[in-house]
Amino acid sequence: MLLVIDIGNTNITMGLYDDNNLINNFRLTTRFQRTSDEYGTFLVSFINASGYEASDIHAAIISSVVPKINYSFASSIIKYLDVKPLFIGPGVKTGISIHIDHPSSLGADRLVDAAGAYYTYGGPCIVIDFGTATTFDVVTGKGEFIGGATSPGIGITANALSSMAAQLPEIEITKPDVVIGKNTVTSMQSGVVFGYIGQTEYIIRKIKEEYGNQEMRVISTGGLGRIIANQTDLIDIYDPDLTFKGLKIIFDKNKNK
């Protein structure tokens with residue numbers, strides 16, 4: 001079995017593949033202070049809860065944007081699963097050609113999402129990941145990553161309101177029934193969610209315009225992406241497992257190395 005792991009700034013998400021089937025997934029809060037033994041305990045618990053043993057895992061692949069915890073996490077996999085994980089990075093075949101000013105600066109998460117979208121749904125496409133930050137990335141019909149846009153995530157936007165304005169509370173990120181909020185909480189929810197829908201639609205339209213108004217499929221993913229995807233016709237597909245699919249695709253391209 002293959003263990004796929006996405007280490008993000010807010011959460012660590014893990015999935016188990018049996019051949020081409022995603023068996024289960026699990027989410028863990030990202031914390032810098034955890035030891036390899038703590039990570040190892042979480043990993044084994046996740047595998048056991050899925051009905052398997054640690055010895056059933058024969059390979060692991062990791063996408064990480066949090067370098068501080070890479071060593072501890074890799075050590076936990078080696079110690080508890082007896083597997084050396086493959087990290088997305090230089091020398092790893094992804095099937096995506098990077099065409100930006102500084103290719104080495106591209107985050108592993110964006111590259112993995114691009115591979116997942118392109119090899120699952122084809123190109124050209126716009127890949128939107130609603131995570132800690134929201135990224136809008138463009139992949140051509142030839143599998144070329146040519147750039148995109150990055151904005152504060154929905155959570156960051158909501159947190160900024162409550163942390164920077166003394167009388168504004170923390171809110172649940174959910175779409176209210178109407179734009180005109182009758183109280184502080186619903187007015188904040190309206191501004192955050194409807195504002196984010198507007199931002200998303202505007203950026204999609206501008207990308208398509210700059211790409212020559214060609215037909216482009218729009219694929220979205222990310223923890224809060226469903227809220228936005230369900231409210232606009234400009235997003236064609238919401239795939240919560242897109243990152244896992246990208247990791248599996250990249251692993252398959254490198255497993256005989």
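Two strands pair if DSSP finds at least two bridges between them. Helices (H or I, at least four residues) and strands (E, at least two) are themselves DSSP runs, numbered from the N terminus. Keep in mind that this is a predicted model, in which local features need pLDDT of at least 70 and side-chain atom pairs count only at pLDDT 80 or more, while totals for chains, interfaces and linings use all residues. Residues are numbered from 1 along each chain as its sequence is written, and side-chain values use heavy atoms, with hydrogens and water left out.

Let's start with strand β4, residues 59-64. All six of its residues are buried (under 20% relative accessible area; exposed is over 50%, and partly exposed lies in between, with a 1.4 Å probe and protein chains only). So β4 is largely enclosed by the rest of the structure. In a regular strand the side chains alternate between the two faces of the sheet. Here, Ala59, Ile61 and Ser63 point one way, and Ala60, Ile62 and Ser64 point the other.

Who are the neighbours of β4? One is strand β1 (residues 2-7), which runs parallel to β4 and is joined to it by six bridges; Asp6, for instance, has Ser63 as its bridge partner. Another is strand β5 (residues 86-87), also parallel, with two bridges to β4. There, Ile62 stands opposite Phe87. To get from β4 to β5, the chain goes through helix α2 (residues 70-81), and this β-α-β crossover is right-handed (with the strands pointing away from the viewer, the path from the first strand over the helix to the second runs clockwise).

Now go back to β1 and follow the chain onward. Strands of a sheet pair through backbone hydrogen bonds, either parallel or antiparallel. β1 and β2 take the antiparallel option, over six bridges, and Val4 stands opposite Gly15 in β2. Three residues sit between β1 and β2 in this hairpin. β2 is mostly covered, with six of its eight residues buried. Next comes another hairpin, β2 with β3, with two residues between the strands. These two strands pair in the antiparallel sense over eight bridges, and Tyr17 has Leu22 in β3 as its bridge partner.

Look closely at the turn between β2 and β3, where you'll find Asp19. Most residues other than glycine have a negative phi, and most peptide bonds are trans. Asp19 has a positive phi of about 60° although it is not a glycine, and it is exposed, with a relative accessible area of 64%. Asn213, in the loop between α5 (184-210) and β10 (217-221), also has a positive phi of about 60°; at 60% relative accessibility, Asn213 counts as exposed. As for peptide bonds, the one from Gly123 to Pro124 is cis, with omega near 5°, and Pro124 is found in the loop between α3 and β7.

There is also an open sheet of six strands, in the order β6-β9-β8-β7-β10-β11, with mixed pairing. Its edge strands are β6 (97-98) and β11 (237-238), each of which pairs on one side only. β6 runs parallel to β9, joined by two bridges, and Ser97 stands opposite Glu144 in β9.

What holds the most contacts inside the largest nonpolar core? A nonpolar core is a set of buried Ala, Val, Leu, Ile, Met, Phe, Trp, Tyr and Cys residues joined through side-chain atoms within 4.5 Å. The largest one has 27 residues, and those with the most contacts inside it are Leu2, Val4, Ile61, Ile88, Ile96, Val139 and Ile250. β1, β4, α3, β7 and α7 each give two or more residues to this core, and α3 gives the most, with seven.

Finally, turn to the empty space. A pocket is found on a 1 Å grid over the protein atoms alone, as an open set of points where a 1.4 Å probe fits, with protein on both sides within 12 Å along at least five of seven lines; lining residues have an atom within 4 Å of a point. The largest pocket is lined by 39 residues, of which Asp6, Asp129, Gly131, Thr132 and Gly222 lie nearest its centre. The largest share of the lining, five residues, comes from β9.
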